[in-house]
Protein chains: 2
Amino acid sequence: MLRMTKQADYGIVLMSYLANQPERPFSAPDLAVETQLPLPTVSKVLKHLCREGLLSSHRGVKGGYSLSQDPRQITVAAMIAALDGPIAFTECIEDTPGSCSQEDNCHLRANWQRINQSVTQALEDISLFDLAVSSRPPLVQLGSVRGALAN
Amino acid sequence: MLRMTKQADYGIVLMSYLANQPERPFSAPDLAVETQLPLPTVSKVLKHLCREGLLSSHRGVKGGYSLSQDPRQITVAAMIAALDGPIAFTECIEDTPGSCSQEDNCHLRANWQRINQSVTQALEDISLFDLAVSSRPPLVQLGSVRGALAN
DNA sequence: CAAAAATAGGACTCATTCAGTCCTGATTCA
DNA sequence: TGAATCAGGACTGAATGAGTCCTATTTTTG
Ligand code: FES
Ligand code: FES
């Protein structure tokens, strides 16, 4: 497996969508319809991303979410980290030392960190902008799907 | 999080140990003592690795496990894939098409594959040999820990 | 000023998956 | 023949994730 959570999955989908429509904010219900993802979870993810500083929110009737930064500045690593927590392939990697029982006589710690670093680097090399340009649909579709689903 | 399972974790630890002691096979109980990991799980992981072709086994009284290939030929990606299954960051990546509900109108599929490919590449660039050389302990220790734990 | 629409935050439940254990059989060596 | 080891799978308990829902708070609009 080795897969990220659906939260991160959804988050990247949502961020990509927003990166393609930078002109105005989108509300959670709108985004749920557009991406065909379940509204409550979408809402949860958006709130999370907002708390982490990747999105800006605006309350009230005409409120919604929009990117808080230039898509070129946002890396895939940052999005995953925001939703799934720090990228730590094994327990011993996590910030707190002492979390691993074998820490003192373990000669692998440096290796875990190397593996971890390698993967992190790979994810940092891809920006939201990179994802957005290639996922941009024919713009006609912008809203044509709206209302297709009930939720 | 974004972490691999303990199976893969243990597997890499065990493989690294074996890579440092290429002269003879080790039994599951021996390896459990040396690595200070729980025996039943160690046994399970070893069997798994053997079935996947990364280890050779030899039954009987003087049996045990040993690497079936040159450590330079074994990548971290291969070990993780053997234990955790194919590296697939999101559901849509998995082999079977049709697994994702949004497949037809999804413009992100290429992106997932790019992310996935990037991470896979990072893990393929590290070989077991790379891990082993840096984790090699002072060889005096070879067995000094033996018997320190009961299981 | 009041109502509607949206976000903020968190509690909660259910399903899935993982970690770990255990048992039964097959193989090898002394 | 018997002891030690691997082979394979079934099983249980715990942890985690996905998803839902409820109650504020904020903002716009009539
Ligand atoms: S510190 Fe945890 S296995 Fe090395
Ligand atoms: S195919 Fe699954 S999200 Fe695109």
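Buried residues account for 46% of the 151 residues in chain A. Keep in mind that you're looking at a predicted model. Here are some exercises to work through.

**Exercise 1: the layout of chain A**

Work out how many helices and strands chain A has, and in what pattern they follow along the sequence.

*Solution.* Start by counting: chain A has six helices and two strands. Next, read along the sequence, and you get the pattern α-α-α-β-β-α-α-α.

**Exercise 2: aromatic pairs**

Find out how many aromatic pairs the structure holds over all chains, then classify the pair A:Tyr17 and A:Phe26.

*Solution.* Step one is the count: over all chains there are two aromatic pairs. Step two takes the rings of A:Tyr17 and A:Phe26, whose centres are 5.4 Å apart and whose planes stand at 80°. Now bring in the cut-off: planes over 60 degrees apart count as edge-to-face. So the A:Tyr17 and A:Phe26 pair is edge-to-face. Both A:Tyr17 and A:Phe26 are buried.

Step three moves to chain B. B:Tyr17 and B:Phe26 form an edge-to-face pair, with 5.4 Å centre to centre and 80° between the planes.

**Exercise 3: buried or exposed?**

Decide whether B:Tyr17 and B:Phe26 are buried or exposed.

*Solution.* You need one cut-off here: buried means under 20% relative accessible area. B:Tyr17 has 15% relative accessibility, so it counts as buried. B:Phe26 comes out at 0%, so it is buried too.

**Exercise 4: arginines over rings**

Which ring does the charged end of A:Arg24 sit over, and which one does B:Arg72 lie over?

*Solution.* Go to A:Arg24 and follow its charged end: it sits over the ring of A:Phe26, 4.3 Å from the ring's centre. Then switch to chain B, where B:Arg72 lies over the face of B:Phe129, 3.8 Å from the ring centre.

**Exercise 5: placing A:Asn116**

Say which helix A:Asn116 is found in, whether A:Asn116 is buried or exposed, and which backbone oxygen lies 2.9 Å from its side chain.

*Solution.* First, the helix: A:Asn116 is in H5 of chain A, residues 109-124. Second, its relative accessible area is 8%, so A:Asn116 is buried. Third, a polar atom of the A:Asn116 side chain lies 2.9 Å from the backbone oxygen of A:Ile87.

**Exercise 6: far in sequence**

How far is A:Gln7 from A:His48, in sequence and in space?

*Solution.* Begin with where A:Gln7 lies: helix H1 of chain A, residues 6-20. A:Gln7 is partly exposed, at 22% relative accessible area. Along the sequence, A:Gln7 and A:His48 are 41 residues apart, and in space they are 9.5 Å apart, C-alpha to C-alpha.

**Exercise 7: from H2 to H3**

Describe how H2 and H3 of chain B cross, and then look at phi of Gln36 in each chain.

*Solution.* In chain B, the axes of H2 (residues 28-35) and H3 (residues 39-51) come within 9 Å and cross at roughly 120°. That makes H2(B) oblique to H3(B). As for handedness, the crossing of H2(B) and H3(B) is right-handed.

Now for the loops. B:Gln36 lies in the loop between H2 and H3 of chain B. Its phi is positive, near 60°, in a residue other than glycine. B:Gln36 is partly exposed, with a relative accessible area of 30%.

Over in chain A, A:Gln36 is in the loop between H2 (28-35) and H3 (39-51). A:Gln36 has a positive phi of about 60°, although it isn't a glycine. With a relative accessible area of 32%, A:Gln36 is partly exposed.

Key: Residues are numbered from 1 along each chain as its sequence is written. Chains are lettered from A and ligands numbered from 1 in the order in which they are written. This is a predicted model: local features need pLDDT of at least 70, side-chain atom pairs count only at pLDDT 80 or more; totals for chains, interfaces and linings use all residues. Side-chain values use heavy atoms; hydrogens and water are left out. Rings of Phe, Tyr and Trp (its six-membered ring) pair if their centres lie within 6.5 Å; planes under 30 degrees apart count as stacked, over 60 as edge-to-face and the rest as tilted. Buried means under 20% relative accessible area, exposed over 50%, partly exposed in between (1.4 Å probe, protein chains only). A charge sits over a ring if NZ of Lys or CZ of Arg is within 6 Å of the ring centre and within 35 degrees of the ring normal. Helices (H or I, at least four residues) and strands (E, at least two) are DSSP runs, numbered from the N terminus. A polar contact is a pair of N or O atoms within 3.5 Å; within protein, one must be able to donate a hydrogen and the other to accept it, and residues adjacent in sequence count only if both atoms are side-chain atoms. Axes are lines fitted to C-alpha atoms, for helices over the stretch in contact, and angles run from 0 to 180 degrees between N-to-C directions. Angles under 35 degrees count as roughly parallel, over 145 as roughly antiparallel, 65 to 115 as roughly perpendicular and the rest as oblique. A crossing is left-handed if the near helix is turned anticlockwise from the far one by less than a right angle, and right-handed if clockwise.
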